Amino acid sequence: MKKTWLKRISLVFAAITIGFAIWLVNINFPSYDALIIESELGQDLPAISKLGPEPRVKLVEGYQTVLESPIYFDLRAMPWFKEAQVHLIYKEEGLSLAGVGGQAGPGFNYDVKTATINTDQEDGWQKAVFYFTLADVYSPKNINRFLISTEPTSLTDKEGELQIKQLKVILKK
Amino acid sequence: MKMKFDFLQYEEKFWYGLAELVFRFTFIGFAVLLAIDYLVPGFVTNWLNPIWLLIIAIISAIILITKK
């Protein structure tokens with residue numbers, strides 16, 4: 001009687017293990033060839049870090065406010081993903097988005113690009129999309145570092161900020 | 001009275017067997033996930049923290065040691 005129940009539980013555990021293995025493989029090798037990683041602003045996630053360093057950014061009413069440039073975030077992408085699309089929804093409040101760059105080598109070595117697609121959204125928000133080839137981005141232990149660069153909207157604006165509402169990365173094979 | 005004693009003994013053996021089962025699955029699972037994540041950093045730890053499996057394995061190991 002005891003052994004029968006233990007055998008049944010053992011079968012349940014084996015089924016859970018197989019299900020878990022299938023889920024893990026499916027999430028890392030998505031069947032639709034694209035993996036969406038969305039940042040939770042102000043929070044470190046295992047796949048994508050929060051924007052930093054801290055004195056240059058602050059979290060105001062759920063939006064990430066950039067006070068000074070450059071700021072960075074880390075993305076942990078699997079080596080079989082060849083392309084990364086960085087999607088940013090932002091609002092310029094004295095600072096404008098100059099570009100996003102992937103770290104090209106050790107140290108301060110970034111290849112900053114301007115947005116490939118830039119569209120206006122409601123209430124002054126804008127959406128910018130940047131394309132990166134991950135083979136060109138330096139990635140020790142699968143960690144890719146990206147830089148977000150800003151510049152003053154006008155020469156007279158000494159103090160300004162850039163608000164970020166959403167940071168999303170789409171990885172493609 | 002004897003029947004009650006047998007029942008308790010049966011219960012104890014069942015929980016011991018279950019703890020053994022849980023230990024095997026969680027410890028082997030943890031070791032496999034650790035090895036995979038060492039080879040491909042982020043494959044496992046991007047989605048979950050396998051340390052929970054180790055914690056469950058340690059708890060079941062303590063049960064196994066104390067009930068032996």
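# Exercises on a predicted two-chain model

Arg76(A) stands opposite Ile143(A) in β10(A). The exercises below start from this pair and work outwards through a model that is predicted, not determined by experiment.

## Exercise 1: The surroundings of Arg76(A)

Task: establish where Arg76(A) is found, whether this residue is buried or exposed, and which residues it touches.

Solution. Begin with the secondary structure, where Arg76(A) is found in strand β4 of chain A. Next consider burial: because 20 other C-beta atoms lie within 10 Å of Arg76(A), this residue is buried, the cut-off for that class being 20 or more. Then list the contacts, leaving out residues up to four places away in sequence: within chain A, Arg76(A) touches Pro46(A), Ala47(A), Asn142(A) and Ile143(A), and in chain B it touches Gly42(B) and Asn46(B). Finally, compare sequence with space, since Arg76(A) and Ile48(A) are 28 residues apart in sequence and yet 6.3 Å apart from C-alpha to C-alpha.

## Exercise 2: The order of the open sheet

Task: work out the order in which the 4 strands of the open sheet in chain A are arranged, and name the edge strands.

Solution. Take the pairings one at a time. Strand β4(A) pairs with β10 (residues 143-152) of chain A in the antiparallel sense over 6 bridges, and the pair Arg76(A) and Ile143(A) belongs to this region, with Ile143(A) in β10(A). Strand β10(A) also pairs with β6(A), again in the antiparallel sense, over 7 bridges, and here Val100(A) stands opposite Ile148(A). Strand β6 (residues 95-103) of chain A in turn pairs with β7(A) over 4 antiparallel bridges, with Gln103(A) opposite Tyr110(A) in β7(A). Joined together, these pairings give the order β4-β10-β6-β7 in an open, antiparallel sheet of chain A. The edge strands are β4 (71-76) and β7 (110-113) of chain A, each of which pairs on one side only. From one strand to the next, the twist averages 30 degrees.

## Exercise 3: The largest nonpolar core

Task: identify the residues that touch the most other members of the largest nonpolar core, and say which strand gives the largest share.

Solution. The largest nonpolar core holds 28 residues, of which Ala84(A) and Val86(A) touch the most other members. At least two residues each are supplied by β4, β5 (83-93), β6, β9 (126-133), β10 and β11 (161-172) of chain A, and the largest share, 5 residues, comes from β11(A). To see the surroundings of one such residue, follow Val86(A), which touches Val100(A), Phe130(A), Phe132(A), Phe146(A) and Val169(A) when residues up to four places away in sequence are not counted. As background, nonpolar side chains in soluble globular proteins tend to be buried together.

## Exercise 4: Backbone features in the loops

Task: locate the cis peptide bonds before Pro53(A) and Pro70(A), and then decide why Asp123(A) counts as exposed and Asn142(A) as partly exposed.

Solution. The bond from Gly52(A) to Pro53(A) is cis, with omega near 0 degrees, and Pro53(A) lies in the loop between β1 (34-38) and β2 (57-60) of chain A. The bond from Ser69(A) to Pro70(A) is likewise cis, with omega near -5 degrees, and Pro70(A) is found in the loop between β3 (63-66) and β4 of chain A. Turning to phi, Asp123(A) has a positive value near 60 degrees although it is not glycine, and its place is in the loop between β8 (117-120) and β9 of chain A. Asp123(A) counts as exposed because it has 6 C-beta neighbours inside 10 Å, where the cut-off is 12 or fewer. Asn142(A), in the loop between β9 and β10 of chain A, has a positive phi near 65 degrees; because 17 other C-beta atoms lie within 10 Å, Asn142(A) is partly exposed.

## Exercise 5: The contact between the chains

Task: describe the side of chain A that touches chain B, by number of residues, main contributor and residue character.

Solution. Count the residues on both sides: 16 residues of chain A are in contact with 16 residues of chain B. On the side of chain A, helix α1 (residues 2-28) gives the most, with 10 residues. By character, that side divides into 9 nonpolar, 4 polar and 3 charged residues. The partner, chain B, has 2 helices and 0 strands, and buried residues make up 13% of its 68 residues.

Notes:
Residues numbered from 1 in each chain as written. Chains lettered and ligands numbered in written order. Predicted model: local features only at pLDDT ≥ 70, side-chain atom pairs only at ≥ 80, totals over all residues. Pairing = 2+ DSSP bridges. Axes fitted to C-alpha atoms, helices over the stretch in contact; angles between N-to-C directions. Contact = placed C-beta atoms within 7 Å. Nonpolar A, V, L, I, M, F, W, Y, C, P; charged D, E, K, R; others polar. Core = buried A, V, L, I, M, F, W, Y, C linked by C-beta atoms within 7 Å.
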